[in-house]
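Here's a quick tour for anyone opening this structure for the first time. Take a look at the view below, then read on.

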Amino acid sequence: MARKSIGERLAQLEAQRRTLQIRLSKQERVIDTRRKVLIGALVLHRLENDRDVQIGGGLAAWLRSELPKFLTREGDRDLFDDLLKPQANEPTIGNIGNGSAA
């Protein structure tokens, strides 16, 4: 059995390194996506179940203020139609903490 040259061995190791790097990148993306899904699920759960509780000074109002600036694609905005509509019983960012949000 013939031994591989140093160049061939280096090429093989480089190919293995690229394969492992791709696998690592994919694993990092999966973890990142999972984190985003879990945080999003928590936020949605709180918005659906704890409407009477002020989370961080009015999470729903803050999201209504920030999401339109963050979401750049119209299709993404459509996903949040129910959340982006102001609720009559929730404070706005401007009146949080000044007594008018009661």
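**Salt bridges and a pocket**

Let's start with arginine 73: at 57% relative accessibility, this residue counts as exposed. Keep in mind that this is a predicted model. Below, we look at charged pairs and then at a pocket.

**The arginine 73 pair**

- Arginine 73 has a salt-bridge partner in aspartate 76, with 3.8 Å from N to O.
- Aspartate 76 is partly exposed, at a relative accessible area of 23%. That value falls in the partly exposed class because buried means under 20%.
- Elsewhere, Glu14, Arg17 and Arg18 are joined into one network by salt bridges that share partners.
- Altogether, the structure holds five salt bridges.
- As a general point, side chains of opposite charge can pair when their charged atoms come close.

**Glutamate 14 and arginine 18**

- Within that network, glutamate 14 makes a salt bridge with arginine 18, and their closest N and O atoms are 3.8 Å apart.
- Both sit in helix α1, which covers residues 6–49; they are four residues apart there, so about one helical turn separates them.
- Glutamate 14 is partly exposed, with 31% relative accessible area.
- Arginine 18 is partly exposed too, with a value of 44%.

**Lysine 36 and aspartate 32**

- Helix α1 also holds lysine 36 and aspartate 32, again four residues apart and therefore separated by about one helical turn.
- Their side chains meet in a salt bridge at 3.0 Å, N to O.
- How accessible is lysine 36, and is it buried or exposed? Lysine 36 comes out as exposed, at 56% relative accessibility.
- Its partner, aspartate 32, counts as partly exposed at 35%.

**The largest pocket**

- The largest pocket has about 520 Å³ of space.
- It is lined by 13 residues, and those closest to its centre are Lys36, Gly40, Leu67, Phe70 and Phe80. Lys36 is also the residue that bridges to aspartate 32.
- Which helices each supply at least two residues of the lining? They are α1 and α2, the latter spanning 59–70.
- What classes of residue make up this lining? Ten are nonpolar, one is polar and two are charged.

Technical notes
Residues are numbered from 1 along each chain as its sequence is written. This is a predicted model: local features need pLDDT of at least 70, side-chain atom pairs count only at pLDDT 80 or more; totals for chains, interfaces and linings use all residues. Side-chain values use heavy atoms; hydrogens and water are left out. A salt bridge is a side-chain nitrogen of Lys or Arg within 4 Å of a carboxyl oxygen of Asp or Glu. Buried means under 20% relative accessible area, exposed over 50%, partly exposed in between (1.4 Å probe, protein chains only). On a 1 Å grid over the protein atoms alone, a cavity is a set of points where a 1.4 Å probe fits but cannot get out, and a pocket is an open set with protein on both sides within 12 Å along at least five of seven lines; lining residues have an atom within 4 Å of a point. Grid points are joined across faces, edges and corners, and a volume is the space filled by probe spheres set on the points. Ala, Val, Leu, Ile, Met, Phe, Trp, Tyr, Cys and Pro count as nonpolar, Asp, Glu, Lys and Arg as charged, and the others, Gly among them, as polar.
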